[in-house]
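Trainee: Please take me through the enclosed empty space in this protein. I would like a close look at the cavities and what lines them.

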Amino acid sequence: TSDVYKRQTGPYALPSEGTAPRTWQSGQELLLERNEHHWRRFAEPGCWNFAAIRLLFRDRAAAPAELFAHRVDWYYEPDCELLLQRRPELAEHYRPFVYDHPAQGVLGMLWNCERSPLDRQEVRVALGRLFDRAAMVQVYRGKAVPAVALAKPSVAEYPHDLTPLPFDPAQARAALRDAGFDPAAGTALRLQVLAPVGDPQIHQVLALFGAACRAAGVDVKLRELEFPAFVAQKASGAWDGVLAVRGLRPWGDPFDFVHSRGADNDGHWRDAAADRLAEAVRGTVDPVLRGRALRALHERVHEAQPLALLVHPQVAILFEKHIEGAV
């Protein structure tokens with residue numbers, strides 16, 4: 001089985017070829033054993049030093065049972081402190097840990113710019129006033145900050161002087177009426193919004209948006225779907241908005257999200273100015289020129305609102321106390 005490991009370059013390997021034993025159960029668990037041939041083990045002695053990692057795949061509703069039975073070492077829980085208050089016995093084994101990482105994404109509402117009237121900037125801007133970011137930060141128990149750009153707030157090019165559109169359902173209603181959508185005249189704007197089921201924070205943010213839509217006279221249908229159905233419905237294009245966390249590129253380039261040929265431009269936004277700026281970012285190695293182009297690109301996206309950027313959430317987990325020195 002050593003040949004199996006030599007052909008796999010990651011820090012952990014799945015020995016499922018040839019005579020190697022099968023270490024996974026579909027839909028249940030996956031055991032990844034340490035790959036002794038991983039190059040970083042030689043370049044950085046001491047890293048990736050777990051003997052193996054077992055991943056458990058559980059329905060979100062059933063997952064707490066694994067934690068309460070002390071069968072997991074790492075447990076995703078956005079409100080760690082509240083859970084420890086409710087189950088104080090967990091504190092004997094677990095500590096809360098809140099962190100960020102370069103690819104941690106941005107929660108936002110992506111608009112389908114191929115569908116009318118989301119192809120109109122004034123409509124997207126009006127809808128952008130239906131997001132109460134202060135309330136969303138509270139949903140994340142303070143473990144999030146308002147977002148204005150597809151970038152990490154810590155990078156030099158982040159446009160900190162830009163401010164999110166203010167939460168104002170009355171002004172949104174007036175702007176939509178000016179755009180031709182007036183519920184009093186029987187021409188209310190109708191939207192279908194998708195979100196993946198299972199994340200309690202996204203569920204609450206979706207509920208906040210639904211309440212704001214009702215206040216603004218927008219007829220919105222909110223659909224929370226299991227992930228396979230969510231992916232299929234998103235691929236169909238039969239939606240107006242998708243609420244989800246979009247992961248960022250670690251190198252800080254939003255090209256894939258905002259360029260008309262971007263690999264992850266799922267809203268099909270097409271804007272000549274954004275295309276030129278995104279190409280300029282990739283077309284120079286000069287850090288000053290690249291920074292200027294990035295900043296201008298962020299400003300253009302903020303102006304046009306092809307997606308309503310909401311908050312930068314952090315990762316919150318319960319981590320087993322006996323694991324030391326983990327980075």
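Mentor: A word on classes comes first: Ala, Val, Leu, Ile, Met, Phe, Trp, Tyr, Cys and Pro count as nonpolar, Asp, Glu, Lys and Arg as charged, and the others, Gly among them, as polar. By that scheme, the lining of the second largest cavity has 6 nonpolar, 2 polar and 1 charged residues. Keep in mind that this is a predicted model.

Here is who lines that second largest cavity: Arg133, Ala147, Val148, Pro164, Leu165, His302, Gln305, Leu307 and Leu309. Its volume is about 60 Å³.

Now the wider count. The structure holds 3 cavities of 30 Å³ or more. The largest cavity encloses about 70 Å³ of space. It is lined by 14 residues, and Leu110, Phe257, Asn265, Pro306 and Leu307 are the closest to its centre. Leu307 therefore deserves a second glance, as it is named for the largest cavity and also lines the second largest cavity. 

Next, the elements involved. Strand S7 (106–111) and helix H10 (255–258) each give at least two residues to the lining of the largest cavity. By class, that lining has 9 nonpolar, 2 polar and 3 charged residues. As background, rolling a probe the size of a water molecule over the atoms shows where empty space is left.

Methods. Residues are numbered from 1 along each chain as its sequence is written. This is a predicted model: local features need pLDDT of at least 70, side-chain atom pairs count only at pLDDT 80 or more; totals for chains, interfaces and linings use all residues. Side-chain values use heavy atoms; hydrogens and water are left out. On a 1 Å grid over the protein atoms alone, a cavity is a set of points where a 1.4 Å probe fits but cannot get out, and a pocket is an open set with protein on both sides within 12 Å along at least five of seven lines; lining residues have an atom within 4 Å of a point. Grid points are joined across faces, edges and corners, and a volume is the space filled by probe spheres set on the points. Helices (H or I, at least four residues) and strands (E, at least two) are DSSP runs, numbered from the N terminus.
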